[in-house]
Amino acid sequence: MATFNEFWVQLENELIGFAEGSLKTHRDTAIKDGRTFLEKTKSDLERWTKMLAEGRLTRDDFEWLVKGKKDLAELNALKQEGLAQVALDRFINGLIDTVVSTAFKAFL
């Protein structure tokens, strides 16, 4: 089973890959906004991944909790670059999915 630090490194790598694949022309900005979101949720993710690994949270519970943090993703830099709301929504939903799938790979 992975440690939280190993998970965090993997999550940052997954964020970079996701940003490159989803917003090629805004890659660096997407990575910046994605990292800001991850930092805002880091303490919660640390607690929740521990609970997930211990079996105190189900997959559905973990996913629900992470999705509940969606409002912390302000994506200010991407908004300043003029991305449409649809593209912003697609990015944050993909970022949430990346967090969830990376946690499942690391802890389950």
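E12 sits in helix α1, the stretch that covers residues 4–22. In this predicted model, E12 comes out as partly exposed, with a relative accessibility of 22%. That puts E12 on the partly exposed side of the cut-off, because buried means under 20% relative accessible area. Some way along the chain comes H26, 14 residues from E12, and the C-alpha atoms of these two residues are 17 Å apart.

Stepping back to the whole fold, the protein chain has five helices and zero strands. Read from the N terminus, the order is simply α-α-α-α-α. The radius of gyration is 14 Å, close to the 13 Å that the globule rule gives for 108 residues, so the chain is as compact as a globular protein of that length. Along the principal axes, the C-alpha atoms fill a box of roughly 40 × 20 × 20 Å. Of the contacts with a separation of 6 or more, 71% are between residues 24 or more positions apart.

As for the surface, buried residues account for 42% of the 108 residues. The chain exposes about 6100 Å², and carbon and sulfur atoms supply 49% of that area. Charged side chains number 16 positive and 18 negative, and the centres of the two sets lie 1 Å apart.

Helix α2 spans residues 27–53, and T41 is part of it. T41 is buried, with just 2% relative accessible area. Setting aside neighbours within four places in sequence, the contacts of T41 are with K69 and L72.

D44 and R47 also belong to helix α2, and since they are three residues apart there, about one helical turn separates them. Their side chains meet in a salt bridge, with 2.7 Å from N to O. The two ends of this pair fall into separate accessibility classes: D44 counts as buried at 12% relative accessibility, whereas R47, at 44%, counts as partly exposed.

In total, the model has eight salt bridges. Another of them pairs R56 with E54, and here the closest N and O atoms are 2.9 Å apart. R56 counts as exposed, at 53% relative accessibility, while E54 is partly exposed, with a relative accessible area of 44%. Elsewhere, salt bridges that share partners tie E20, R27 and D28 into one network.

Within that network, the side chains of D28 and R27 meet at 2.5 Å, N to O. D28 is the exposed member of this pair, with a relative accessibility of 54%, and R27 is partly exposed, with a relative accessible area of 28%. D28 is classed as exposed because the class begins over 50% relative accessible area; R27 falls in the partly exposed range.

Taken together, the salt bridges described here involve residues with a spread of accessibility. D44 is buried, R27 is partly exposed, and both D28 and R56 are exposed. T41, in helix α2, is buried as well.

Methods
Residues are numbered from 1 along each chain as its sequence is written. This is a predicted model: local features need pLDDT of at least 70, side-chain atom pairs count only at pLDDT 80 or more; totals for chains, interfaces and linings use all residues. Side-chain values use heavy atoms; hydrogens and water are left out. Helices (H or I, at least four residues) and strands (E, at least two) are DSSP runs, numbered from the N terminus. The radius of gyration is taken over C-alpha atoms; the globule rule is 2.2 Å times the number of residues to the power 0.38. Buried means under 20% relative accessible area, exposed over 50%, partly exposed in between (1.4 Å probe, protein chains only). Contact means heavy atoms within 4.5 Å. Accessible areas come from the Shrake-Rupley method with a 1.4 Å probe; for residues, only the protein chains shown count as cover. Lys and Arg count as positive and Asp and Glu as negative; His and the chain ends are not counted. The place of a charge is taken as NZ of Lys, CZ of Arg, CG of Asp or CD of Glu. A salt bridge is a side-chain nitrogen of Lys or Arg within 4 Å of a carboxyl oxygen of Asp or Glu.
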